[in-house]
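Hi everyone, thanks for coming. Let's walk through one protein chain together, and please have the picture open as we go.

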Amino acid sequence: MFEPHASVFSDTVEKAFAGASLSPDAGIIERLLGAVRTHLGLQVAYVSQIVGDEAIFRHVDAPGLESMLAPGDRRRLDDVYSQYILEGRLPQLIPDTAHEQIAVAKAVTGAVPIGTHASLPIGAHVSVPLHLSDGSLYGMFCCLGPVADPSLNERDLGMMRVFADLAAREIDRTRLREQQRAARIAPIEAMIADRNVAMQFQPIWRLGHDQPIGFEALSRFMAVPLRTPDLWFTDAADVGLGIELELMVIDMALGALELLPAPTYLTLNASPATAASKGLQRLLKRHPLDRVVLEITEHQGVDDFGMLADALAEMRAAGLRLAVDDAGVGYSGLQHILQLKPDIIKLDRFFVRQIDSDPSRRALAASLAVFAGQVGSTIIAEGVEVAAELDTLRALGFNTIQGYLLGKPQPLPMALALMTRRTSAPGAG
(Lines give C-alpha, C1' and ligand atoms only; values in the text may rest on other atoms or scores of the structure.)
Protein backbone atom coordinates (compact mmCIF):
# COMPACT_ATOMS: atom_id res chain seq x y z
CA MET A 1 0.00 0.00 0.00
CA PHE A 2 0.95 3.64 0.14
CA GLU A 3 3.64 4.75 2.54
CA PRO A 4 2.24 6.46 5.64
CA HIS A 5 3.17 10.04 6.40
CA ALA A 6 6.12 10.11 8.75
CA SER A 7 9.06 12.15 10.07
CA VAL A 8 8.59 15.53 11.66
CA PHE A 9 7.61 18.96 10.40
CA SER A 10 11.12 20.40 10.69
CA ASP A 11 12.48 17.60 8.50
CA THR A 12 9.80 18.35 5.91
CA VAL A 13 10.71 22.03 5.78
CA GLU A 14 14.42 21.23 5.57
CA LYS A 15 13.86 18.89 2.64
CA ALA A 16 11.62 21.39 0.87
CA PHE A 17 14.31 24.04 0.80
CA ALA A 18 17.46 21.92 0.61
CA GLY A 19 19.73 23.57 -1.92
CA ALA A 20 17.06 26.05 -2.97
CA SER A 21 17.37 29.78 -3.37
CA LEU A 22 14.28 31.82 -2.59
CA SER A 23 13.53 32.76 -6.18
CA PRO A 24 10.73 31.72 -8.54
CA ASP A 25 13.27 30.08 -10.84
CA ALA A 26 14.12 27.60 -8.09
CA GLY A 27 10.57 26.15 -8.20
CA ILE A 28 9.78 27.02 -4.59
CA ILE A 29 6.09 26.19 -4.85
CA GLU A 30 6.83 22.86 -6.51
CA ARG A 31 9.27 22.06 -3.69
CA LEU A 32 6.64 22.93 -1.12
CA LEU A 33 4.09 20.70 -2.80
CA GLY A 34 6.53 17.80 -3.11
CA ALA A 35 7.58 18.07 0.51
CA VAL A 36 4.08 18.23 1.95
CA ARG A 37 2.81 15.44 -0.31
CA THR A 38 5.66 13.18 0.76
CA HIS A 39 5.21 14.07 4.42
CA LEU A 40 1.50 13.21 4.33
CA GLY A 41 2.03 10.06 2.27
CA LEU A 42 -0.42 11.23 -0.37
CA GLN A 43 -0.12 11.01 -4.14
CA VAL A 44 -1.18 14.40 -5.52
CA ALA A 45 -0.48 17.96 -4.39
CA TYR A 46 -1.42 21.12 -6.21
CA VAL A 47 -2.00 24.85 -6.03
CA SER A 48 -5.14 25.99 -7.82
CA GLN A 49 -6.27 29.48 -8.69
CA ILE A 50 -9.97 30.28 -8.57
CA VAL A 51 -11.00 32.35 -11.57
CA GLY A 52 -14.72 32.89 -12.01
CA ASP A 53 -16.44 29.54 -11.74
CA GLU A 54 -13.29 27.53 -12.46
CA ALA A 55 -10.31 26.14 -10.58
CA ILE A 56 -7.14 26.45 -12.68
CA PHE A 57 -4.28 24.21 -11.58
CA ARG A 58 -1.15 26.39 -11.60
CA HIS A 59 1.34 24.09 -9.85
CA VAL A 60 1.08 20.30 -9.62
CA ASP A 61 3.20 17.63 -7.97
CA ALA A 62 1.88 14.18 -8.93
CA PRO A 63 4.72 11.81 -9.87
CA GLY A 64 3.52 9.19 -12.34
CA LEU A 65 0.04 10.74 -12.54
CA GLU A 66 0.81 13.68 -14.80
CA SER A 67 -1.73 12.50 -17.40
CA MET A 68 -4.50 12.92 -14.84
CA LEU A 69 -3.58 16.39 -13.62
CA ALA A 70 -1.14 18.88 -15.08
CA PRO A 71 -0.46 22.63 -14.77
CA GLY A 72 -2.99 24.56 -16.82
CA ASP A 73 -5.80 22.01 -16.41
CA ARG A 74 -9.16 23.44 -15.42
CA ARG A 75 -12.14 22.11 -13.49
CA ARG A 76 -15.50 23.67 -12.80
CA LEU A 77 -15.90 24.60 -9.14
CA ASP A 78 -19.09 22.55 -9.06
CA ASP A 79 -17.04 19.46 -9.90
CA VAL A 80 -14.42 19.79 -7.15
CA TYR A 81 -14.34 20.42 -3.40
CA SER A 82 -12.97 23.97 -3.32
CA GLN A 83 -16.19 25.97 -3.15
CA TYR A 84 -17.68 23.68 -0.51
CA ILE A 85 -14.57 23.99 1.69
CA LEU A 86 -14.63 27.78 1.36
CA GLU A 87 -18.33 27.81 2.32
CA GLY A 88 -17.65 25.55 5.32
CA ARG A 89 -19.81 22.74 3.96
CA LEU A 90 -16.78 20.43 3.70
CA PRO A 91 -13.92 20.40 6.24
CA GLN A 92 -10.39 21.30 5.22
CA LEU A 93 -9.20 17.93 6.60
CA ILE A 94 -10.97 14.84 5.26
CA PRO A 95 -9.17 11.61 6.28
CA ASP A 96 -11.94 9.53 4.67
CA THR A 97 -14.17 11.03 1.96
CA ALA A 98 -16.67 8.19 2.49
CA HIS A 99 -17.75 9.94 5.72
CA GLU A 100 -18.68 13.19 3.95
CA GLN A 101 -22.01 13.15 2.11
CA ILE A 102 -21.15 16.02 -0.23
CA ALA A 103 -17.88 14.36 -1.17
CA VAL A 104 -19.56 11.01 -1.79
CA ALA A 105 -22.00 12.71 -4.15
CA LYS A 106 -19.23 14.20 -6.26
CA ALA A 107 -18.22 12.30 -9.40
CA VAL A 108 -14.61 13.31 -8.85
CA THR A 109 -14.52 11.33 -5.60
CA GLY A 110 -15.20 8.04 -7.30
CA ALA A 111 -12.87 8.64 -10.25
CA VAL A 112 -15.66 9.08 -12.79
CA PRO A 113 -14.10 10.91 -15.76
CA ILE A 114 -14.94 14.62 -15.93
CA GLY A 115 -15.18 15.68 -19.57
CA THR A 116 -12.02 14.50 -21.32
CA HIS A 117 -10.08 14.12 -18.05
CA ALA A 118 -9.28 10.84 -16.40
CA SER A 119 -9.53 11.18 -12.64
CA LEU A 120 -7.85 9.64 -9.62
CA PRO A 121 -10.33 8.53 -6.96
CA ILE A 122 -10.20 10.58 -3.78
CA GLY A 123 -10.08 8.71 -0.51
CA ALA A 124 -8.25 11.32 1.60
CA HIS A 125 -8.21 15.06 1.04
CA VAL A 126 -6.53 18.02 2.77
CA SER A 127 -7.05 21.51 1.37
CA VAL A 128 -6.62 25.03 2.75
CA PRO A 129 -7.38 28.42 1.19
CA LEU A 130 -4.55 30.52 -0.21
CA HIS A 131 -4.94 34.17 0.77
CA LEU A 132 -2.57 36.82 -0.56
CA SER A 133 -1.09 39.69 1.43
CA ASP A 134 -3.93 42.04 0.46
CA GLY A 135 -6.43 39.59 1.94
CA SER A 136 -7.78 38.43 -1.42
CA LEU A 137 -8.45 34.76 -2.08
CA TYR A 138 -6.10 33.26 -4.67
CA GLY A 139 -7.15 29.62 -4.62
CA MET A 140 -6.41 26.39 -2.76
CA PHE A 141 -3.35 24.51 -1.51
CA CYS A 142 -4.31 20.85 -1.64
CA CYS A 143 -3.10 17.27 -1.15
CA LEU A 144 -5.09 14.13 -1.89
CA GLY A 145 -4.75 10.37 -2.19
CA PRO A 146 -6.86 7.55 -3.64
CA VAL A 147 -7.49 5.75 -0.33
CA ALA A 148 -8.62 6.89 3.09
CA ASP A 149 -5.98 7.66 5.69
CA PRO A 150 -7.41 7.77 9.24
CA SER A 151 -4.03 8.85 10.65
CA LEU A 152 -4.34 12.34 9.13
CA ASN A 153 -4.88 14.77 12.00
CA GLU A 154 -5.06 18.42 13.03
CA ARG A 155 -1.28 18.67 13.26
CA ASP A 156 -1.10 17.75 9.57
CA LEU A 157 -3.69 20.39 8.80
CA GLY A 158 -1.62 22.94 10.71
CA MET A 159 1.41 22.01 8.65
CA MET A 160 -0.61 22.44 5.46
CA ARG A 161 -1.58 25.94 6.55
CA VAL A 162 2.05 26.88 7.17
CA PHE A 163 3.07 25.59 3.75
CA ALA A 164 0.09 27.34 2.16
CA ASP A 165 1.25 30.59 3.74
CA LEU A 166 4.74 30.07 2.28
CA ALA A 167 3.22 29.40 -1.14
CA ALA A 168 1.05 32.53 -0.88
CA ARG A 169 4.13 34.62 -0.11
CA GLU A 170 5.88 33.24 -3.17
CA ILE A 171 2.82 34.01 -5.32
CA ASP A 172 2.81 37.54 -3.88
CA ARG A 173 6.49 37.99 -4.78
CA THR A 174 5.91 36.68 -8.29
CA ARG A 175 2.95 39.00 -8.81
CA LEU A 176 4.96 41.97 -7.59
CA ARG A 177 7.76 41.12 -10.03
CA GLU A 178 5.21 40.81 -12.85
CA GLN A 179 3.69 44.17 -11.96
CA GLN A 180 7.12 45.78 -11.86
CA ARG A 181 8.00 44.21 -15.20
CA ALA A 182 4.74 45.44 -16.73
CA ALA A 183 5.47 48.93 -15.41
CA ARG A 184 8.86 48.82 -17.15
CA ILE A 185 7.45 47.42 -20.38
CA ALA A 186 4.65 49.95 -20.82
CA PRO A 187 6.77 53.10 -21.44
CA ILE A 188 9.14 51.20 -23.72
CA GLU A 189 6.31 49.82 -25.83
CA ALA A 190 4.75 53.29 -26.00
CA MET A 191 8.03 54.83 -27.08
CA ILE A 192 8.49 52.21 -29.80
CA ALA A 193 4.92 52.70 -31.03
CA ASP A 194 5.20 56.52 -31.04
CA ARG A 195 8.84 56.62 -32.19
CA ASN A 196 9.38 59.14 -29.44
CA VAL A 197 13.10 59.47 -30.15
CA ALA A 198 15.17 62.36 -31.47
CA MET A 199 18.11 61.33 -33.62
CA GLN A 200 21.36 63.27 -33.51
CA PHE A 201 24.47 62.85 -35.60
CA GLN A 202 28.05 63.35 -34.49
CA PRO A 203 30.59 64.07 -37.23
CA ILE A 204 33.62 61.86 -37.84
CA TRP A 205 36.55 63.74 -39.40
CA ARG A 206 39.62 62.72 -41.30
CA LEU A 207 42.24 65.32 -40.50
CA GLY A 208 42.90 67.62 -43.42
CA HIS A 209 39.53 67.02 -45.08
CA ASP A 210 37.11 69.92 -45.43
CA GLN A 211 34.00 67.84 -44.69
CA PRO A 212 33.13 65.01 -42.29
CA ILE A 213 33.63 61.57 -43.79
CA GLY A 214 30.80 60.11 -41.73
CA PHE A 215 28.39 60.57 -38.86
CA GLU A 216 27.54 58.40 -35.88
CA ALA A 217 23.79 58.20 -35.26
CA LEU A 218 22.91 58.68 -31.60
CA SER A 219 19.49 58.55 -29.97
CA ARG A 220 17.95 60.92 -27.47
CA PHE A 221 14.82 59.56 -25.83
CA MET A 222 12.06 62.09 -25.26
CA ALA A 223 9.80 59.95 -23.06
CA VAL A 224 9.31 60.53 -19.33
CA PRO A 225 11.20 59.85 -17.16
CA LEU A 226 13.98 61.66 -18.98
CA ARG A 227 17.15 59.62 -18.69
CA THR A 228 20.20 58.61 -20.66
CA PRO A 229 19.85 56.26 -23.66
CA ASP A 230 21.92 53.49 -22.05
CA LEU A 231 19.34 53.16 -19.27
CA TRP A 232 16.51 52.86 -21.77
CA PHE A 233 18.37 50.23 -23.77
CA THR A 234 19.27 48.30 -20.60
CA ASP A 235 15.66 48.32 -19.42
CA ALA A 236 14.45 47.20 -22.84
CA ALA A 237 16.93 44.32 -22.94
CA ASP A 238 15.94 43.24 -19.42
CA VAL A 239 12.26 42.90 -20.39
CA GLY A 240 12.86 41.30 -23.79
CA LEU A 241 12.38 44.43 -25.95
CA GLY A 242 16.04 45.26 -26.55
CA ILE A 243 16.18 44.19 -30.19
CA GLU A 244 12.84 45.82 -30.99
CA LEU A 245 13.92 49.16 -29.49
CA GLU A 246 17.31 49.10 -31.22
CA LEU A 247 15.74 48.28 -34.59
CA MET A 248 13.32 51.18 -34.24
CA VAL A 249 16.18 53.58 -33.53
CA ILE A 250 18.27 52.18 -36.41
CA ASP A 251 15.33 52.51 -38.80
CA MET A 252 14.91 56.16 -37.82
CA ALA A 253 18.63 56.81 -38.25
CA LEU A 254 18.76 55.25 -41.70
CA GLY A 255 16.41 57.95 -42.96
CA ALA A 256 19.37 60.33 -42.83
CA LEU A 257 21.37 58.25 -45.28
CA GLU A 258 19.28 59.41 -48.23
CA LEU A 259 20.01 63.06 -47.38
CA LEU A 260 23.74 62.72 -46.70
CA PRO A 261 25.78 63.04 -49.90
CA ALA A 262 27.77 60.01 -51.01
CA PRO A 263 30.25 58.71 -50.04
CA THR A 264 29.52 60.01 -46.51
CA TYR A 265 28.77 57.03 -44.30
CA LEU A 266 26.53 56.48 -41.30
CA THR A 267 27.57 54.59 -38.19
CA LEU A 268 24.83 52.66 -36.40
CA ASN A 269 25.15 51.16 -32.92
CA ALA A 270 23.87 47.66 -32.28
CA SER A 271 24.18 45.09 -29.54
CA PRO A 272 25.44 41.64 -30.58
CA ALA A 273 21.88 40.26 -30.38
CA THR A 274 20.52 42.96 -32.66
CA ALA A 275 23.47 42.68 -35.04
CA ALA A 276 22.74 38.97 -35.51
CA SER A 277 18.98 39.43 -35.95
CA LYS A 278 17.04 38.90 -39.15
CA GLY A 279 15.26 42.18 -38.46
CA LEU A 280 18.49 44.14 -38.87
CA GLN A 281 19.27 42.34 -42.12
CA ARG A 282 15.86 43.31 -43.50
CA LEU A 283 16.40 46.96 -42.54
CA LEU A 284 19.92 47.30 -43.91
CA LYS A 285 19.31 45.55 -47.21
CA ARG A 286 17.07 48.45 -48.23
CA HIS A 287 20.06 50.82 -48.12
CA PRO A 288 23.50 51.13 -49.73
CA LEU A 289 25.57 48.91 -47.46
CA ASP A 290 28.86 50.45 -48.56
CA ARG A 291 27.78 53.63 -46.75
CA VAL A 292 26.85 51.90 -43.48
CA VAL A 293 29.13 51.08 -40.57
CA LEU A 294 27.71 48.78 -37.93
CA GLU A 295 29.28 49.42 -34.55
CA ILE A 296 29.01 46.46 -32.19
CA THR A 297 28.59 47.75 -28.66
CA GLU A 298 30.40 45.91 -25.87
CA HIS A 299 27.74 46.51 -23.23
CA GLN A 300 26.38 43.02 -23.85
CA GLY A 301 28.78 40.11 -24.18
CA VAL A 302 29.01 37.98 -27.30
CA ASP A 303 28.05 34.40 -26.55
CA ASP A 304 28.95 33.01 -29.96
CA PHE A 305 31.38 34.93 -32.14
CA GLY A 306 31.02 32.39 -34.94
CA MET A 307 27.25 32.83 -35.11
CA LEU A 308 27.58 36.62 -35.13
CA ALA A 309 30.23 36.54 -37.85
CA ASP A 310 28.07 34.20 -39.95
CA ALA A 311 25.03 36.43 -39.52
CA LEU A 312 26.98 39.45 -40.81
CA ALA A 313 29.00 37.69 -43.52
CA GLU A 314 26.61 38.29 -46.43
CA MET A 315 26.14 41.98 -45.61
CA ARG A 316 29.87 42.51 -45.13
CA ALA A 317 30.48 40.92 -48.51
CA ALA A 318 28.01 43.47 -49.93
CA GLY A 319 29.95 46.39 -48.46
CA LEU A 320 28.83 46.73 -44.84
CA ARG A 321 31.71 47.72 -42.60
CA LEU A 322 32.02 46.54 -39.03
CA ALA A 323 33.31 48.63 -36.14
CA VAL A 324 34.14 47.64 -32.56
CA ASP A 325 33.91 50.26 -29.85
CA ASP A 326 35.53 50.52 -26.42
CA ALA A 327 38.83 49.17 -27.75
CA GLY A 328 41.30 48.71 -24.91
CA VAL A 329 38.58 48.39 -22.26
CA GLY A 330 38.72 44.91 -20.79
CA TYR A 331 39.33 41.43 -22.08
CA SER A 332 36.03 41.22 -23.95
CA GLY A 333 36.94 44.27 -26.06
CA LEU A 334 40.08 42.52 -27.28
CA GLN A 335 38.03 39.40 -27.98
CA HIS A 336 35.70 41.42 -30.19
CA ILE A 337 38.64 42.67 -32.22
CA LEU A 338 40.34 39.30 -32.64
CA GLN A 339 37.20 37.30 -33.33
CA LEU A 340 35.19 39.71 -35.49
CA LYS A 341 38.08 41.21 -37.50
CA PRO A 342 36.42 44.63 -37.75
CA ASP A 343 37.07 47.18 -40.47
CA ILE A 344 37.17 49.96 -37.87
CA ILE A 345 38.54 49.96 -34.33
CA LYS A 346 37.48 52.79 -32.03
CA LEU A 347 39.86 53.83 -29.27
CA ASP A 348 37.72 54.37 -26.19
CA ARG A 349 37.41 57.87 -24.80
CA PHE A 350 38.83 56.65 -21.48
CA PHE A 351 42.24 56.34 -23.13
CA VAL A 352 41.85 59.56 -25.10
CA ARG A 353 41.15 61.67 -22.03
CA GLN A 354 44.41 63.35 -20.87
CA ILE A 355 46.43 61.34 -23.38
CA ASP A 356 48.64 64.41 -23.80
CA SER A 357 49.83 64.13 -20.16
CA ASP A 358 49.66 60.39 -19.50
CA PRO A 359 52.47 58.21 -20.91
CA SER A 360 50.53 55.00 -20.27
CA ARG A 361 47.60 56.15 -22.36
CA ARG A 362 49.94 57.26 -25.13
CA ALA A 363 51.67 53.87 -25.12
CA LEU A 364 48.43 51.93 -25.36
CA ALA A 365 47.04 54.20 -28.10
CA ALA A 366 50.24 53.88 -30.11
CA SER A 367 50.15 50.09 -29.79
CA LEU A 368 46.55 49.92 -30.97
CA ALA A 369 47.33 52.19 -33.92
CA VAL A 370 50.15 49.87 -34.99
CA PHE A 371 47.95 46.81 -34.48
CA ALA A 372 45.11 48.32 -36.54
CA GLY A 373 47.51 49.06 -39.39
CA GLN A 374 48.90 45.53 -39.34
CA VAL A 375 45.45 43.90 -39.54
CA GLY A 376 44.09 46.32 -42.13
CA SER A 377 41.67 48.18 -39.87
CA THR A 378 41.05 51.90 -39.63
CA ILE A 379 41.43 53.27 -36.11
CA ILE A 380 39.27 56.13 -34.85
CA ALA A 381 39.91 58.05 -31.64
CA GLU A 382 36.61 59.02 -30.02
CA GLY A 383 35.89 61.43 -27.20
CA VAL A 384 38.47 64.06 -28.24
CA GLU A 385 37.60 67.19 -26.28
CA VAL A 386 40.68 69.43 -26.12
CA ALA A 387 43.27 70.54 -28.64
CA ALA A 388 46.16 69.00 -26.68
CA GLU A 389 44.58 65.57 -27.01
CA LEU A 390 44.14 66.07 -30.75
CA ASP A 391 47.76 67.16 -31.21
CA THR A 392 49.00 64.10 -29.32
CA LEU A 393 46.80 61.73 -31.34
CA ARG A 394 48.00 63.24 -34.60
CA ALA A 395 51.60 62.74 -33.50
CA LEU A 396 50.80 59.08 -32.73
CA GLY A 397 49.51 58.54 -36.26
CA PHE A 398 45.77 58.96 -35.70
CA ASN A 399 44.09 60.82 -38.55
CA THR A 400 40.41 59.86 -38.03
CA ILE A 401 38.85 61.63 -35.07
CA GLN A 402 35.50 61.99 -33.33
CA GLY A 403 34.65 64.09 -30.30
CA TYR A 404 33.20 67.29 -28.91
CA LEU A 405 36.23 69.30 -30.02
CA LEU A 406 35.35 68.53 -33.62
CA GLY A 407 31.59 68.52 -33.30
CA LYS A 408 28.91 67.55 -30.82
CA PRO A 409 25.96 65.28 -31.65
CA GLN A 410 23.54 67.53 -33.53
CA PRO A 411 20.18 67.42 -35.33
CA LEU A 412 20.25 66.32 -38.96
CA PRO A 413 19.86 69.84 -40.49
CA MET A 414 23.00 70.99 -38.65
CA ALA A 415 24.85 67.86 -39.73
CA LEU A 416 23.84 68.47 -43.35
CA ALA A 417 25.09 72.06 -43.08
CA LEU A 418 28.58 70.71 -42.36
CA MET A 419 28.50 68.98 -45.75
CA THR A 420 28.04 72.29 -47.59
CA ARG A 421 30.82 74.04 -45.67
CA ARG A 422 34.32 74.15 -47.05
CA THR A 423 36.58 74.07 -44.05
CA SER A 424 38.98 71.60 -42.56
CA ALA A 425 38.23 69.69 -39.37
CA PRO A 426 38.02 72.01 -36.35
CA GLY A 427 41.30 71.99 -34.49
CA ALA A 428 43.04 70.15 -37.34
CA GLY A 429 45.64 72.83 -37.72
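Let's start with strand 8 (residues 214-221), which pairs with strand 9 in the parallel sense over 3 bridges. I should say what those words mean: helices (H or I, at least four residues) and strands (E, at least two) are DSSP runs, numbered from the N terminus, and two strands pair if DSSP finds at least two bridges between them. One bridge to look for here joins F215 to its partner L266 in strand 9.

Before we go further, this is a predicted model, where local features need pLDDT of at least 70 and side-chain atom pairs count only at pLDDT 80 or more, while totals for chains, interfaces and linings use all residues. Residues are numbered from 1 along each chain as its sequence is written, and side-chain values use heavy atoms, with hydrogens and water left out.

Strand 9 also pairs with strand 10 (residues 292-296), again in the parallel sense, over 5 bridges. There, L268 has L294 of strand 10 as its bridge partner. Is strand 9 mostly buried or exposed? Of its 6 residues (265-270), 5 are buried, so strand 9 is largely enclosed by the rest of the structure. Buried means under 20% relative accessible area, exposed over 50%, and partly exposed in between, using a 1.4 Å probe and protein chains only. Over the chain of 429 residues, 48% count as buried.

Now please move to another sheet. Here 6 strands form an open sheet in the order 3-2-1-6-5-4, with antiparallel pairing. Strand 3 (74-76) and strand 4 (93-94) are at the edges with a single partner strand each, so one side of each has no neighbour in the sheet. Helix 2 (residues 28-40) packs on this sheet and touches strand 1, strand 2 and strand 6 (137-145); contact means heavy atoms within 4.5 Å. Strand 1 (residues 44-51) and strand 2 (residues 54-61) pair over 7 bridges in the antiparallel sense.

How do helix 2 and helix 5 meet, and at what angle do they cross? Their axes come within 9 Å and cross at roughly 170°. Axes are lines fitted to C-alpha atoms, for helices over the stretch in contact, and angles run from 0 to 180 degrees between N-to-C directions. That makes helix 2 roughly antiparallel to helix 5, a label for angles over 145 degrees; under 35 counts as roughly parallel, 65 to 115 as roughly perpendicular and the rest as oblique. Residues making this contact include L32 and V36 of helix 2, and M159 and F163 of helix 5.
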